[in-house]
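Reader: I would like to learn how to read the features of a structure like this one, with the general idea first and the particular case after it. Could you take me through it step by step?

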Amino acid sequence: MSSEAHKDYAGAKLGMWLFLFTEILLFGGLFILYAVYLFFHPKDFAEASNELSLFFGTLNTVVLLTSSLCVAVAVSALQKGNRKLTLILLAATVGAAVLFLINKFFEWSDKISHGIFPDSPILTERVPGEVVFFGLYYITTGLHGLHVLIGAGLLIWVFFLVRSGAVNEKDFVTLENAGLYWHLVDLIWIFIFPLYYLIL
Amino acid sequence: MDLEAGHIVPYRTFIFVWITLMVLTLTTVLVSRMDLGPLNIWVALGIACFKSGLVIFYFMHMQYERLIFRAYLFVALLILAIFIGLTFFDVLYR
């Protein structure tokens, strides 16, 4: 009982948010780099951006937004005591994460097979703006992809906690915090998508 | 206390937010294919900000949290805005 008395939901969530703010500043730094180089090389950025697959970019946006919906509904479902629905939605979210990474794999391998990767002989011969664009593309989507992987890991962990009943309708802050992390992954993609795929 | 127990958001709200996010995604793709000059990037960023607002306030429950959460969010975004502002102040007037 004493462990229950020490539960502090607001504190647990506030701590998670503080961590998420540091993540926002981390990616914020990458977006500032992007903005400055876009300012110096708008034409090169547009040229390079046109080489990215609009199809895969849009598909991954839809995948992440839908997975975010699944996590959001999963929290409500658990609060209502519907454990089965929560488990289905968590599994669906992990499935979406895997789908996202598969798409990313196709995108990256396509670029790499065309000789476009950091420090490649083909890329370094191109204009400076395009070199910077692809450098930033790899580091930003790479770091984001790492977050997708970590997020999926967290959701798998919470899946088992929900299944065992350790996380339940009375004690669900772990699910909420893992969900917050997943939404952050979605949030960052919302900015990566227009900046890298839609620049004309 | 209700705040401790957590507010249960109806599924309907989330599905409505998701539909809005999908429509906004379609909008931002379509608008990006039109040539509006420098306006393109601002429209894209505007839509992205609106989408992230929906995610933060509904999916991430910010709408139902205590005021202190919003104050923290405001401070984090303010710091980011200061970083961006100072960087461009340097870049533009170098």
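Author: What follows goes from the chains to their helix pairs, then to the interface and a few single residues. This is a predicted model, in which local features need pLDDT of at least 70 and side-chain atom pairs count only at pLDDT 80 or more, while totals for chains, interfaces and linings use all residues. Residues are numbered from 1 along each chain as its sequence is written, and chains are lettered from A and ligands numbered from 1 in the order in which they are written.

Reader: How many helices and strands are there in chain A, and what pattern does chain A follow along the sequence?

Author: Helices (H or I, at least four residues) and strands (E, at least two) are DSSP runs, numbered from the N terminus. By that reckoning chain A has eight helices and zero strands, so its pattern along the sequence reads α-α-α-α-α-α-α-α. The C-alpha trace of chain A spans about 65 × 30 × 25 Å along its principal axes. Of the 200 residues in chain A, 40% are buried, where buried means that 20 or more other C-beta atoms lie within 10 Å of the residue's own, exposed means 12 or fewer, and partly exposed lies in between, with C-beta atoms placed from the backbone.

Reader: And which elements make up chain B, and how does its radius of gyration stand against the globule rule?

Author: Chain B holds four helices and zero strands, in the order α-α-α-α from the N terminus. The radius of gyration is taken over C-alpha atoms, and the globule rule is 2.2 Å times the number of residues to the power 0.38. For chain B the radius of gyration is 17 Å, well over the 12 Å that the rule gives for 94 residues, so chain B is more spread out than a compact globule. Its C-alpha trace spans about 55 × 30 × 10 Å along the principal axes, and buried residues make up 21% of the 94 residues in chain B.

Reader: How should I read the packing of two helices, and at what angle do H4(A) and H8(A) cross?

Author: Two packed helices are described by the angle between their axes and the distance between the axes. Here axes are lines fitted to C-alpha atoms, for helices over the stretch in contact, and angles run from 0 to 180 degrees between N-to-C directions. The axes of helix H4 (residues 54-79) and helix H8 (residues 173-197) of chain A come within 9 Å and cross at roughly 160°. That makes H4(A) roughly antiparallel to H8(A), given that angles under 35 degrees count as roughly parallel, over 145 as roughly antiparallel, 65 to 115 as roughly perpendicular and the rest as oblique.

Reader: What are the axis distance and angle for H2(B) and H3(B), and which residues make the contact?

Author: The axes of H2(B) and H3(B) are 10 Å apart, at an angle of about 170°, and the two helices are therefore roughly antiparallel to each other. Two residues are in contact if their C-beta atoms, placed from the backbone, lie within 7 Å. Among the residues that make this contact are B:Phe14, B:Val17 and B:Leu21 of H2(B) and B:Val43, B:Ile47 and B:Leu54 of H3(B).

Reader: How many residues of each chain are in contact with the other?

Author: The size of an interface is often given as the accessible area lost when the parts come together. In this structure a residue count is available: 35 residues of chain B are in contact with 33 residues of chain A. Helices H1 (2-5), H2 (11-32), H3 (39-59) and H4 (67-92) of chain B each supply at least two residues of the side that touches chain A.

Reader: Where is A:Gly28 found, and is it buried or exposed?

Author: A:Gly28 is in helix H2 (residues 9-40) of chain A, and it counts as buried because it has 20 C-beta neighbours inside 10 Å. Leaving aside its neighbours within four places in sequence, A:Gly28 is in contact with B:Leu80 and B:Phe83.

Reader: What is the phi of A:Asp119, and what is that of B:His61?

Author: Most residues other than glycine have a negative phi, and most peptide bonds are trans. A:Asp119 is not a glycine, yet has a positive phi of about 70°; A:Asp119 lies in the loop between H5 and helix H6 (121-124) of chain A and counts as exposed, with 8 C-beta neighbours inside 10 Å. B:His61, also not a glycine, has a positive phi of about 65°; B:His61 is in the loop between H3 and H4 of chain B and is buried, with 21 other C-beta atoms within 10 Å.
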